[in-house]
Amino acid sequence: MLVHSASARRALRAAFFLLFLPVFALPLLVIAAASFAGGWSGALPSHLTLTHYQDLARGSTVTALLTSVLTALAASAAALTAGTWAALAAQGLGRRARRLLDALFLLPVAVPSVVVGLSLLVAFSRPPFLLNGTPQIVIIAHTVLVTAFAYQSVTAALSRLDPAYEQSAAGLGARPAYVLWRVRMPLLLPSLTAAAGLCFALSMGELSATMMLYPPDWMPLPVQIFAATDRGALFTGAALAVALMATTLLVLAGVARIRTRAGYR
Amino acid sequence: MPAPTAAPARTGPPAAPAPASGIRFDDVTVAYGRHGGHGEHTVLDSFDLTVEPGEVMALLGPSGSGKTTALRAVAGFVRPVRGRVLIGGRDVTDLPPYKRGIGMVVQQYALFPHMKVAENVAFGLKAQKAPRTEIPGRVAEALEMTGMAGYADRYPRELSGGQQQRVAIARALAIRPGVLLLDEPLSALDARLRSGMLAELARLHRELPDVSILYVTHDQVEALTLADRIAVLDQARLRDCGTPQQLYRSPRTAFTASFVGTANLLPVTVRRDGVEFAGRPLTVPVGEAAPGATATLCVRPHLIGLGASPAPGGNTLRGTVTELQWRGATHRLYVAAGGHRIMADVRELREPPALGTDIALHFAPEDAVLIPAGLAADGARHA
Ligand SMILES: Nc1ncnc2c1ncn2[C@@H]1O[C@H](COP(=O)(O)OP(=O)(O)O)[C@@H](O)[C@H]1O
Ligand SMILES: [Mg+2]
């Protein structure tokens with residue numbers, strides 16, 4: 001894009017904010033505002049109050065938030081392990097086998113997550129694989145849904161990795177396992193943490209598959225948000241949403257700190 | 001299949017300096033694209049070469065001639081479809097890279113960016129489980145040798161290209177390899193640094209006389225300066241091999257003549273006691289060449305003088321000056337003679353001839369080398 005004059009550039013920037021701010025930031029601001037609202041009939045919320053947040057502290061919200069975080073941590077750890085493993089293994093495969101693996105990992109993204117939830121429900125409804133009504137089945141569903149992203153970002157990172165590094169290491173007498181742990185993994189670390197953050201955020205927000213699977217004692221926060229808005233408690237739902245967002249952002253910020261420390265290039 | 005001469009595989013880390021070991025390519029052919037289906041293409045064709053223990057061998061050739069591939073075959077990153085690679089008399093063709101005990105410096109250095117200089121240099125020692133107490137001393141020694149002792153705590157990104165280069169060499173030397181493979185190690189450096197590093201590499205080799213070095217380059221100056229012998233590669237084949245002097249003074253192929261130094265290559269017909277160039281007889285040693293055969297006459301530009309031959313029996317060529325270049329200490333004349341452009345490098349001229357002037361050039365019979373056409377182009381000579 002060739003924009004030379006300063007005024008044109010300014011106009012462009014203004015257009016950017018005008019178009020993108022409403023789409024991205026406004027809904028979030030609205031939710032934040034609603035979470036403090038006692039009522040909202042005019043253009044702006046009225047009767048600002050903290051009661052919704054006080055409700056959160058009293059109710060089952062803390063448990064649900066903890067459930068969400070634990071689910072997301074477990075699912076992203078499992079997804080990262082499986083995705084990285086598969087991406088590394090795929091490197092040693094022929095072109096056709098690799099394409100098959102790519103497709104396999106893409107499946108959970110292509111298939112609606114409701115379908116993924118339903119299929120897990122059906123698959124694990126009978127002994128010996130009776131997992132219905134357990135927290136594990138929720139974690140498995142989340143893992144299935146986010147592994148694709150882990151697999152893809154590690155695959156992309158591996159293809160960008162200069163083979164000269166591992167070859168130099170091998171030339172210096174390092175066995176493949178040593179090369180993996182001392183050279184390839186550290187070089188992949190920035191991509192791995194990025195993938196971990198993505199998986200975590202996706203899992204924190206997952207609703208449709210979770211709805212089909214969650215047991216009463218393992219109710220992630222999005223389900224609660226849905227329940228609250230479903231019974232008409234919009235402002236409570238907004239407060240829950242703010243709690244979910246804040247927690248996710250907090251964890252992502254933590255991950256970003258690891259990334260910057262790992263960013264040696 | 002192990003060769004009868006194969007030594008038992010070395011176990012454990014090399015505690016002492018590796019014994020002097022040479023490299024041997026035994027009829028090595030490397031092709032890419034075998035499994036891809038069509039278009040298998042041979043990148044190294046029936047390559048035979050022996051690098052003696054402690055010798056510096058330059059692999060010289062234009063880009064794409066297969067030099068890096070030859071190096072990768074020694075390192076074990078590419079498997080020959082035919083032939084064997086031996087290091088120190090041991091057949092390593094089927095060994096993975098990490099068992100070959102080589103030091104290698106690749107074109108882009110590939111220093112590990114997440115490790116400090118000292119950790120980079122220690123990498124090979126740790127990977128081979130050298131005794132912990134020995135590692136710091138050997139790292140310091142390798143850094144000392146390459147003049148990088150003061151940079152142990154830096155990250156590679158904090159170093160200049162030349163410094164990274166030294167660290168890469170230190171890293172390769174720290175494991176005390178019997179064989180050092182260098183792939184265009186100076187190509188990323190500017191001209192001034194390059195000549196400095198050339199001198200340093202020569203010094204390093206004097207300090208480590210037992211290390212065999214296979215030095216890949218497309219730069220004839222590097223090859224001529226550093227190598228005990230030069231192997232000339234072109235289009236996947238070994239074209240010539242010999243000492244720098246041999247290749248320069250008596251190239252066996254036109255390709256060698258033009259790639260090692262500058263050469264006038266004149267198409268000639270062999271006569272009984274000389275050759276005929278553009279209908280005129282020239283007196284040159286013809287060796288075994290059969291009269292009537294076509295051949296190429298190689299005359300180095302700096303061996304051509306201005307004016308008619310002062311000595312009886314010398315050769316004189318007449319032609320027209322088409323171009324004149326002043327090069328400081330010398331003038332290069334381009335002279336059209338017999339339908340060919342002949343280059344002559346002469347001491348700087350006080351009064352250089354004007355373009356278009358007819359002049360005479362001369363050269364002594366013993367300064368010309370006859371390259372018979374059709375001589376097995378890939379015949380390696382024995383030094
Ligand atoms: N991995 C590869 N796959 C297919 N062709 C390759 C590969 N590596 C090198 N080649 C080809 O092999 C030829 C020789 O390459 P190389 O040994 O790198 O040449 P040099 O080092 O002399 O420039 C080139 O034509 C190059 O395109
Ligand atoms: Mg090369």
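A residue is termed buried when its relative accessible area is under 20%, exposed when the value is over 50%, and partly exposed in between. The structure described here is a predicted model, and the categories just given are applied to its residues in what follows.

Salt bridges are considered before other features, and the structure holds 17 of them over all chains. In chain B, B:Asp26 forms a salt bridge with B:Arg24, and the closest N and O atoms of this pair lie 3.5 Å apart. Because its relative accessibility is 21%, B:Asp26 counts as partly exposed, and B:Arg24, at 34%, is likewise placed in the partly exposed class. This pair does not stand alone, since B:Arg24 and B:Asp26 are linked with B:Arg84 and B:Asp91 in a network of salt bridges.

A further salt bridge is found between B:Arg203 and B:Glu207, where the closest N and O atoms are 2.6 Å apart. Both residues belong to helix α5 of chain B, which spans residues 191–207, and they are separated by 4 residues, or about one turn of the helix. The relative accessible area of B:Arg203 is 25%, so this residue is partly exposed, and B:Glu207 is also partly exposed, with a value of 41%. In another pair of chain B, the side chains of B:Glu276 and B:Arg271 meet in a salt bridge with an N to O distance of 3.0 Å. Here B:Glu276 has a relative accessibility of 29% and therefore counts as partly exposed, while B:Arg271, with a relative accessible area of 35%, is partly exposed as well.

Charged residues also appear in a surface patch of chain A, where A:Arg95, A:Arg96, A:Arg98 and A:Arg99 form a positive patch. One of these residues, A:Arg99, is located in helix α4 of chain A, which covers residues 95–110. The relative accessibility of A:Arg99 is 56%, and because the exposed class begins over 50%, this residue counts as exposed. Elsewhere in chain A, helix α11, comprising residues 234–262, contains A:Met245, which is partly exposed at 27% relative accessibility. Although A:Met245 and A:Arg184 are 61 residues apart along the chain, a distance can also be given in space, and their C-alpha atoms are separated by 33 Å.

Attention now turns to the strands of chain B. Strand β20, made up of residues 368–372, is mostly covered, as 4 of its 5 residues are buried. Strand β14, which runs over residues 294–299 of chain B, is joined to β20(B) by 5 bridges, and the two strands run antiparallel. Within this pairing, B:Cys298 has B:Val369 of β20(B) as its bridge partner.

Two residues of chain B are notable for their backbone angles. B:Ser46, which is situated in strand β2 of chain B (residues 41–51), has a phi near 45°, a positive value in a residue other than glycine. With a relative accessible area of 29%, B:Ser46 is partly exposed. The phi of B:Arg176 is about 50°, which is again positive although the residue is not a glycine. B:Arg176 is found in a loop of chain B, between α4 (161–174) and β7 (179–183), and its relative accessible area of 21% places it among the partly exposed residues.

Key: Residues are numbered from 1 along each chain as its sequence is written. Chains are lettered from A and ligands numbered from 1 in the order in which they are written. This is a predicted model: local features need pLDDT of at least 70, side-chain atom pairs count only at pLDDT 80 or more; totals for chains, interfaces and linings use all residues. Side-chain values use heavy atoms; hydrogens and water are left out. Patches are made of residues with over 30% relative accessible area and no salt bridge: like charges are joined within 9 Å, nonpolar side chains (Val, Leu, Ile, Met, Phe, Trp, Tyr) within 5 Å. Accessible areas come from the Shrake-Rupley method with a 1.4 Å probe; for residues, only the protein chains shown count as cover. A salt bridge is a side-chain nitrogen of Lys or Arg within 4 Å of a carboxyl oxygen of Asp or Glu. Lys and Arg count as positive and Asp and Glu as negative; His and the chain ends are not counted. The place of a charge is taken as NZ of Lys, CZ of Arg, CG of Asp or CD of Glu. Buried means under 20% relative accessible area, exposed over 50%, partly exposed in between (1.4 Å probe, protein chains only). Two strands pair if DSSP finds at least two bridges between them.
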